[in-house]
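Work through the two exercises below with the structure in view, and try each task before you read the solution that follows.

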Amino acid sequence: MTKLAMNEAGRLAPKSEESDPLFHAFRVLEPALRRFIAGRTRNNADVDDVLQDIAARVLSRDPAVAVENKSAFLFSIASNLMRDRGRRRLVRCQGEHVALESVEIADSAALQDQIVDSRQRMQRFLAALDTLPEKEREVFVRHRMDGHTLLRVAESTGLSYTQVRKLVEQAMARLARKVWKD
Amino acid sequence: MANRNHMSGEQEDEDIAAARWILAIDAGLPPERMEAFNAWLAERPERSELIARQAMLQDIAKQAARQSFAERSAQLVATRHPPERAQKSRRGFLFAGLLATGAIAFGAVALTVNTPLPASIETYETATGEVRLVELSDTTRLWLDTRTKLSASMATDRRDMTLTSGRLFVEVARNPRRPFIVHGAGFEARAVGTAFEATVFADRNGVAVTEGVVRLTPTNGGPSIDLVAGESAWITRSGEVMRSDARSIGAWREHRMTISDRRLDVVLTELSRYFDRPLTVADAQLAARRVTLSFSIADLGAEDAAHIIARAVGADVANQANAGILLKPATIPR
């Protein structure tokens, strides 16, 4: 297990940040995670708490076990932590009288909305994947879904590494726009 | 309209930039690029949301991959154990429902498969003089030396590499539940979270370990031995295991020939593999001479390499009619 220590800023950090790629990714994505959490909770105090919980979870992992998609992993932890907080509040609220404004997302309808949202996103994702140009779909599936490295995808498709990377980027951009229809 | 197209193009650029950053972060963003990422992020507040979307998109993609895997597993089980007609139609209805809703939670239902899925097998072969790096789906890294033939079989419960000829350096991605095994001529090497070299050419069959532990098992039924970093073991012609130190392992990945106290004829056999022209030595006394030397072969021809070796052992170089290069005792002793 990674040893924890307080760094100069008084925050939890592994003794060697470079030794844990996931913690490094957390540091990189911290500003984006902060906005992500702040945009989904009404309680500002929750933002720091959730970030601290994410850091604690990352640091308590065995660093020898690699995380393939670090960004997805971190945002997924953030979503789960916010959902858990919502559920805990809901349970507490059911047993006592609480002012309505303090309930936040902790109502069962909101939690149900999240489930419906995730189903809709999956439907949109599957539909959007079908509409991608053939090569884009192929390299996206191999790299982002099957977990093959860009190098390996390049070898198996006969494309250059740069071509594969660009196709994957284009596919990711198209899919995001279709899944989150603006 | 033009303005709308401009907006759309700009949005597309923003989405592509977010995708590019996510790919870079997942691959491990170098510390010197962190500042650039933070500056890009801070420039527009909505960019944080684009980053979040790309991260969540990846989560959805992985869920879809798991769903697809579960469906393939179910199809495999169905093929092995064809269900009754009534059951089949029920399954068809279930899948139709799953696809219609796209509900992953139900997709992961209980398509538990105890039988491992068939392995995906890929073969790799390097040309004369080629050194290639290959990354497997589990992030294991393989370096294939010149004239190497390898097949990689990746199953859900094990990873088997069959080294037919040549030399391989492996950095194994740790996964205790999925053993990593290299099958060579007369041996089997099993490793978890380890870096080692396996060789199969010219009577040099065995492994040398640079990190972790490798269990070497001779295929003639002899006892297994555990090798730690700095150790090597070779299968002799008679099938015995000869244990020795591991020195200068894997230098060939950087196109370096690093020779440490080895017979000249053995060195020439190894060096010849990088060229179309064979390097040989006819004189028995010269052949037995020990060589210790390190040099880059990246831009060398066979003749250049022969001259470097010849200088080291005090020999002359002669071109042969068959395009081969012969090292012979120096006419004027050096």
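**Exercise 1.** Describe how the contact is shared between chain A and chain B in this predicted model.

*Solution.* Begin by counting the residues on each side: the contact takes 42 residues from chain A and 42 residues from chain B. Next, ask which elements of chain A supply its side; those that give two or more residues are helix 1 (21–38), helix 3 (70–95), helix 4 (108–131), helix 5 (134–145), helix 6 (150–157) and helix 7 (161–179) of chain A. Among these, helix 7 of chain A makes the largest share, with ten residues. Finally, sort the side of chain A that touches chain B by class, which gives 24 nonpolar, eight polar and ten charged residues. For the complex, the predictor reports an ipTM of 0.79 and a pTM of 0.47.

**Exercise 2.** Describe chain B, and decide where its coordinates call for caution.

*Solution.* Start with the make-up of the chain: chain B has eight helices and 18 strands, and 30% of its 334 residues are buried. Then turn to the confidence, where chain B averages a pLDDT of 79, with 81% of the residues scoring at least 70. Within chain B, the mean is highest in strand 15 (residues 279–281), at 93, and lowest in helix 5 (residues 104–107), at 32. As a last step, look at residues 75–116 of chain B, over which pLDDT stays under 50, although the model has 30 contacts beyond four places in sequence for them. Where pLDDT is low, the predicted coordinates should not be read in detail.

Technical notes: Residues numbered from 1 in each chain as written. Chains lettered and ligands numbered in written order. Predicted model: local features only at pLDDT ≥ 70, side-chain atom pairs only at ≥ 80, totals over all residues. pLDDT = per-residue confidence, 0-100. Helix = DSSP H or I, 4+ residues; strand = E, 2+ residues; numbered from the N terminus. Contact = placed C-beta atoms within 7 Å. Buried ≥ 20, exposed ≤ 12 C-beta atoms within 10 Å, placed from the backbone. Nonpolar A, V, L, I, M, F, W, Y, C, P; charged D, E, K, R; others polar.
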